[in-house]
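Welcome, and thanks for opening the viewer. Keep a selection box handy, and we will walk from stop to stop together.

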Amino acid sequence: FDAIRTSLTVSLQAGVVAAVAGMGLAYLCMRTETRLRGILELTTLVGFALPGTVMGIGYVLAFNRPPLFLTGTLAILTLNMMARFLAVGLEAGVSKLHQIDVSIEEASADLGAGLLTTFRRIVLPLLSSAFAAGFLFTFMQSMISLSAAIFLVAPGNLLASVYIFNRARDGDMGIACATSLLLILSLAACLAGLAVLTRRSGFRIFAAQV
């Protein structure tokens with residue numbers, strides 16, 4: 001149960017951060033005159049394309065000394081999961097912004113709204129499907145990720161996927177299968193909760209993904 005709770009904590013944090021960062025980077029790439037667009041997209045796609053083992057070892061080497069000593073903490077797991085799957089939120093945001101006419105934002109600016117107000121009240125609601133795509137993909141992949149996490153976990157911060165792998169390796173197949181079932185049920189419960197939130201708030205999470 002501790003491993004399940006840790007996985008839920010890390011996955012929820014990584015999902016929210018990746019979704020928000022993906023929308024912000026997508027808006028920066030599409031709506032500002034920046035020459036860093038290609039570099040930003042390449043950086044996020046590299047994290048998505050590299051094998052998890054490479055990412056895991058790289059994070060151990062990068063964050064194993066001050067001033068960013070994160071080895072053994074939940075922060076390094078959250079950061080790793082977010083960086084690995086950030087590309088999905090970014091590309092979803094870019095795709096959605098292609099469908100939004102820039103004249104809507106120009107009209108908001110003509111009526112006196114600032115950049116932050118326009119983004120918060122006009123762009124952000126229209127990017128709800130991109131947020132949902134980035135969050136759901138990152139959350140679900142983080143819950144079952146093993147290749148990078150196995151290098152980054154520490155005693156007391158064991159993820160469910162790593163716990164299942166360790167039990168199966170030691171021959172405790174009953175415990176491994178039971179934990180796998182708990183992991184599946186936890187994911188199903190989270191998705192059911194999002195479905196209820198969708199009906200009550202009108203925030204079209206699942207319909208936006210079709």
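With which handedness does H1 pass H4? Select both helices and look along the crossing: H1 passes H4 in a right-handed crossing. Bear in mind throughout that this is a predicted model.

**Stop 1: H1 against H4**

Keep H1 (residues 2-31) selected together with H4. Their axes lie 6 Å apart, at an angle of about 40°. That angle makes H1 oblique to H4. Colour the contact by residue class and you should find 17 nonpolar residues, seven polar ones and one charged one.

**Stop 2: leucine 90**

Now zoom in on leucine 90, which is found in helix H4. Its relative accessible area is 0%, so leucine 90 counts as buried. Which residues is leucine 90 in contact with, once neighbours within four places in sequence are left aside? Show the side chains of Gly22, Leu25, Ala26, Leu40, Glu41 and Thr44, and you have the full list. For a distance label, pick the C-alpha atoms of leucine 90 and glycine 24: they are 8.2 Å apart in space, although 66 residues separate the two in sequence.

**Stop 3: serine 11**

Go back to helix H1 and select serine 11, which has its place there. Buried or exposed: what is serine 11? With a relative accessible area of 1%, serine 11 is buried. Setting aside its neighbours within four places in sequence, serine 11 is in contact with Phe139, Ser142 and Met143. To get a feeling for distance, draw a line from the C-alpha atom of serine 11 to that of leucine 115; these two, 104 residues apart along the chain, are separated by 31 Å.

**Stop 4: the aromatic rings**

Next, show every aromatic side chain. A pair of aromatic rings is described by the distance of the centres and the angle of the planes. How many aromatic pairs are there? The count comes to four.

Start with tyrosine 59 and phenylalanine 63. Their ring centres are 5.4 Å apart and their planes meet at 45°, so the pair is tilted. Tyrosine 59 has 13% relative accessibility and therefore counts as buried. Phenylalanine 63, at 13% relative accessibility, counts as buried too.

Then select phenylalanine 85 and phenylalanine 137. This pair is edge-to-face, with 5.8 Å from centre to centre and 75° between the planes. Phenylalanine 85 belongs to helix H4 (residues 74-99) and phenylalanine 137 to helix H7 (residues 128-144), so the pair ties together parts that are 52 residues apart in sequence. Try a surface view on these two: phenylalanine 85 counts as buried at 5% relative accessibility, whereas phenylalanine 137 counts as partly exposed at 29%.

Before leaving the rings, highlight Phe131, Phe135 and Phe139, which form one aromatic cluster. You have already met Phe139 as a contact of serine 11.

**Stop 5: H5 and H6**

Move on to helix H5 (residues 102-110) and helix H6 (residues 115-126). At what angle do H5 and H6 pack? The angle is about 140°, and the axes are 10 Å apart. H5 and H6 are therefore oblique to each other. H5 passes H6 in a right-handed crossing. To display the contact, select Ile104, Glu105, Ser108 and Ala109 on H5, then Thr118, Ile122 and Val123 on H6. By class, this contact of H5 with H6 has four nonpolar residues, two polar and one charged.

**Stop 6: H9 and the glycine after it**

Select helix H9 (residues 160-169) and colour by accessibility. Which residues of H9 are buried? They are Ala160, Ser161, Val162, Ile164, Asn166 and Arg167. Follow the chain past H9 to glycine 171 and check its backbone: its phi is positive, near 90°.

**Last stop: the whole chain**

Finally, zoom out and switch to a cartoon view. The chain has ten helices and zero strands. Taken along the principal axes, the C-alpha atoms fill a box of roughly 65 × 40 × 25 Å. Of the 210 residues in the chain, 38% are buried. If you plot a contact map, look away from the diagonal: among contacts between residues at least 6 apart in sequence, 75% join residues at least 24 apart.

Note on methods:
Residues numbered from 1 in each chain as written. Predicted model: local features only at pLDDT ≥ 70, side-chain atom pairs only at ≥ 80, totals over all residues. Heavy atoms only, no water. Axes fitted to C-alpha atoms, helices over the stretch in contact; angles between N-to-C directions. Helix = DSSP H or I, 4+ residues; strand = E, 2+ residues; numbered from the N terminus. Parallel < 35°, antiparallel > 145°, perpendicular 65-115°, else oblique. Left-handed = near helix turned anticlockwise from the far one by under 90°. Contact = heavy atoms within 4.5 Å. Nonpolar A, V, L, I, M, F, W, Y, C, P; charged D, E, K, R; others polar. Phe/Tyr/Trp six-rings, centres within 6.5 Å; stacked < 30°, edge-to-face > 60°. Buried < 20%, exposed > 50% of the residue type's maximum accessible area, 1.4 Å probe, protein only.
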